[in-house]
Amino acid sequence: MTEAELLKLIQGGENIHVEFKKSTHEITKDVYDTVCAFSNRDGGTILLGVKDNGEILGVASDAVDRMKKDFVTSINNGQKINPPLYLQPEVCIVEGRTLLVIQVPSFRYHPAARSAAITGGFLTA
């Protein structure tokens, strides 16, 4: 996505298709919940490095590669996301700050679920 497209998304605020996540140093569990929710509906865009109010914090430069790797590893693991989703975060620069952008497509045929490691089952969103 271009910087202009991202700024327009951010200015429009969160909605049923756009979610902001502060995640500046690590991928938090709620990111995976949002992936499941978006994939079970109409898809959507997750912006990592943006606070809920639209403030652009950016992802720490020393965390970008690790966060991308952690996300891809988890999202492709059928024990954590079922069925596995093959998504790749895109690194984008907005106002001089690095964001990770995750485009989540709609998954129409089977509900996606996130593993609930504590309970041992799966959660659908």
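A crossing of two helices is called right-handed if the near helix is turned clockwise from the far one by less than a right angle, and left-handed if the turn is anticlockwise. With that term in hand, we can go through this structure, which is a predicted model.

The protein chain has 125 residues, of which 44% count as buried, and it holds 3 helices and 7 strands. Read from the N terminus on, these elements follow one another in the order α-β-α-β-α-β-β-β-β-β. Among contacts in the protein chain with a separation of 6 or more, 65% join residues that are 24 or more positions apart.

Two of the helices deserve a slower look. Two packed helices are described by the angle between their axes and the distance between the axes. Here the axes of helix H2, residues 29–40, and helix H3, residues 64–75, come within 12 Å and cross at roughly 50 degrees. Since angles from 35 to 65 degrees are neither roughly parallel nor roughly perpendicular, H2 and H3 are therefore oblique to each other, and H2 passes H3 in a right-handed crossing. At this crossing, Val31, Tyr32 and Val35 in H2 meet Asp70, Phe71, Ser74 and Ile75 in H3, and the residues of this contact divide into 5 nonpolar, 1 polar and 1 charged.

Finally, how far the model may be read depends on the place in the chain. The mean pLDDT of the protein chain is 87, and 86% of its residues reach 70 or more, but over residues 117–122 the pLDDT is below 50, although this stretch has 11 contacts in the model beyond near neighbours in sequence. Where pLDDT is low, the predicted coordinates should not be read in detail.

Definitions and conventions: Residues are numbered from 1 along each chain as its sequence is written. This is a predicted model: local features need pLDDT of at least 70, side-chain atom pairs count only at pLDDT 80 or more; totals for chains, interfaces and linings use all residues. Side-chain values use heavy atoms; hydrogens and water are left out. Axes are lines fitted to C-alpha atoms, for helices over the stretch in contact, and angles run from 0 to 180 degrees between N-to-C directions. Helices (H or I, at least four residues) and strands (E, at least two) are DSSP runs, numbered from the N terminus. Angles under 35 degrees count as roughly parallel, over 145 as roughly antiparallel, 65 to 115 as roughly perpendicular and the rest as oblique. Contact means heavy atoms within 4.5 Å. Ala, Val, Leu, Ile, Met, Phe, Trp, Tyr, Cys and Pro count as nonpolar, Asp, Glu, Lys and Arg as charged, and the others, Gly among them, as polar. pLDDT is the predictor's confidence in each residue, from 0 to 100. Buried means under 20% relative accessible area, exposed over 50%, partly exposed in between (1.4 Å probe, protein chains only).
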